Amino acid sequence: MRKICVITGGGSGMGLAAAKIMGKSYYIIICGRNTEKLEAAVNELKAEGIQAEAYPCDVSDLASVEKLASYSKAKGTVAAVIHAAGMSPHMGDAKTILEVNALGTIYINNAFYKVMEEGSCLIDVSSMSAYLTPQMVMPVGIYKYSRNDPEKFMRKMMRRIRFYPEKYQSGIAYGISKNFVIWYAKQDAARFGESGARVLSVSPGNFDTPMGEIEKEEASAYVKYCAVKRAGRVEEIAGLFSYCVSESAGYLTGVDILCDGGLVASGINVLQKKVV
Ligand SMILES: NC(=O)c1ccc[n+]([C@@H]2O[C@H](COP(=O)([O-])OP(=O)(O)OC[C@H]3O[C@@H](n4cnc5c(N)ncnc54)[C@H](OP(=O)(O)O)[C@@H]3O)[C@@H](O)[C@H]2O)c1
């Protein structure tokens, strides 16, 4: 059986960079909603000698995610899943952001939990926003509903987000959704561990990607607080993903790894600095 690496959001940015590294030892399935983008990415990968295919999937649609998981299992041993699909504050309204980032993570983890075996690893991609958004904003008490009742979870989350002025709702939904991703991956470590699989999250800072480009105004305000005074390069985060899924990281699970050029370590207070 060939070893499969499934990469959501694999048509661009970090997902595509991950496909280029992972493609050296895994058969790659990249997913997203935009088929043209996916096909272009597959051609790029094939030109580098990587065996890859595109599978259209909307991570906020349960049926679509379940089909992806069954399709991947039929193709071989699902050894790695890099769940990089996500939407940033300028890409949609608060509800859509929550559906893609939070509900999408619930669907991906649940669907792949059923098909992943001993030695496999799933990475949920979060964001440094999970650290920079003030912790008092995080509705952590609501997160538990995600386990058994995703609809109730979404209703309660949206009710909390609508408490804030409309112009801040997308940004707050992003920060909360990414905080939830970290929580969910941690919660899932024991469940995945029963079958010898691992799950963890990685929180990127500002990276040069299509999404990074859309958010560049905010991003450039952050750079001066970073210890490394530039945006991250996609190869740097893809290399981290690759290490996390490797056998060398076999004892790494249920944690979040922050890769932000030292921005959070600077102790920046987003409220005082007014950089969000
Ligand atoms: N770049 C940064 O500075 C930064 C910082 C912190 C965190 N992140 C996180 O890193 C991850 C990767 O982002 P990136 O920077 O590489 O941006 P990107 O190039 O825009 O990649 C995001 C990918 O997500 C896919 N996507 C969006 N909604 C989807 C959905 N409903 N179903 C399936 N796929 C969907 C998009 O493909 P389609 O359009 O084809 O659906 C796109 O290829 C995201 O989770 C993001 O939140 C990025």
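**Burial, ring pairs and a cavity in the predicted model**

Ala-94 counts as buried, since its relative accessibility comes out at just 5%. The model is a predicted one, and Ala-94 makes a handy way in. Ala-94 is found in helix α4, a helix that spans residues 94–113. Leaving aside neighbours within four places in sequence, the contacts of Ala-94 are Met-158, Ile-161, Gln-169, Ser-170 and Ala-173. Tyr-174 sits 80 residues away from Ala-94 along the chain, yet the two C-alpha atoms are separated by 7.5 Å.

Tyr-174 turns up again around Ser-129. Not counting residues up to four places away in sequence, Ser-129 touches Tyr-174 along with Met-138 and Gly-175. Ser-129 belongs to helix α5, residues 129–132. With a relative accessibility of 19%, Ser-129 still counts as buried, because the cut-off for that class is under 20%.

Helix α4 also matters for the cavity. The structure holds one cavity of 30 Å³ or more, and the volume of the largest cavity is about 30 Å³. Its lining is made up of His-83, Ala-85, Val-100, Asn-101, Thr-105, Val-125, Lys-178 and Val-181. Two elements, α4 and α9 (166–193), each give two or more residues to this lining. The biggest share comes from α4, with three residues. Sorted by character, the lining of the largest cavity has four nonpolar residues, three polar ones and one charged.

On to the aromatic side chains. A search of the whole structure turns up nine aromatic pairs. One of them joins Phe-153 and Phe-180: the ring centres are 4.7 Å apart and the planes meet at 35°, so this pair is classed as tilted. Phe-153 sits in helix α8 (residues 150–161) and Phe-180 in helix α9, so the pair ties together parts of the chain that are 27 residues apart in sequence. Both partners are buried: Phe-153 has a relative accessible area of 0%, and Phe-180 is likewise at 0% relative accessibility. A second pair, Phe-163 with Tyr-164, is edge-to-face, at 5.5 Å centre to centre and with 90° between the planes. Here Phe-163 counts as exposed, with 67% relative accessibility. Ring pairs also build a cluster, which takes in Tyr-143, Phe-153, Phe-180, Trp-183 and Tyr-184.

Tyr-184, a member of that cluster, is also a contact of Arg-191. Arg-191 is found in helix α9. Apart from neighbours within four places in sequence, Arg-191 is in contact with Asn-109, Asn-110, Tyr-113 and Arg-147 as well as Tyr-184. Arg-147 lies 44 residues from Arg-191 in sequence, and the C-alpha to C-alpha distance between them is 12 Å. The side chain of Arg-191 also makes a polar contact, at 2.8 Å, with the side chain of Asp-188.

Another charged residue, Glu-53, is placed in strand β3 (residues 52–56). Glu-53 counts as buried, at 13% relative accessibility. Its side chain has a polar partner in the side chain of Tyr-71, at 2.5 Å. Tyr-71 is also listed among the contacts of Glu-53 beyond four places in sequence, together with Tyr-27, Ile-28, Ile-29, Ile-30, Val-42 and Lys-75.

Four of those contacts, Tyr-27, Ile-28, Ile-29 and Ile-30, fall within strand β2 (27–32), and β2 leads into the loop that holds Asn-34. On the other side of this loop comes helix α2 (35–47). Asn-34 is partly exposed, with a relative accessible area of 39%. The side chain of Asn-34 reaches the backbone nitrogen of Glu-36 at 3.1 Å. A polar atom of the same Asn-34 side chain also lies 3.0 Å from the backbone nitrogen of Lys-37. As for Ser-120, 86 residues from Asn-34 along the chain, the C-alpha atoms of the two are separated by 27 Å.

Methods: Residues are numbered from 1 along each chain as its sequence is written. This is a predicted model: local features need pLDDT of at least 70, side-chain atom pairs count only at pLDDT 80 or more; totals for chains, interfaces and linings use all residues. Side-chain values use heavy atoms; hydrogens and water are left out. On a 1 Å grid over the protein atoms alone, a cavity is a set of points where a 1.4 Å probe fits but cannot get out, and a pocket is an open set with protein on both sides within 12 Å along at least five of seven lines; lining residues have an atom within 4 Å of a point. Grid points are joined across faces, edges and corners, and a volume is the space filled by probe spheres set on the points. Helices (H or I, at least four residues) and strands (E, at least two) are DSSP runs, numbered from the N terminus. Ala, Val, Leu, Ile, Met, Phe, Trp, Tyr, Cys and Pro count as nonpolar, Asp, Glu, Lys and Arg as charged, and the others, Gly among them, as polar. Buried means under 20% relative accessible area, exposed over 50%, partly exposed in between (1.4 Å probe, protein chains only). A polar contact is a pair of N or O atoms within 3.5 Å; within protein, one must be able to donate a hydrogen and the other to accept it, and residues adjacent in sequence count only if both atoms are side-chain atoms. Contact means heavy atoms within 4.5 Å. Rings of Phe, Tyr and Trp (its six-membered ring) pair if their centres lie within 6.5 Å; planes under 30 degrees apart count as stacked, over 60 as edge-to-face and the rest as tilted.
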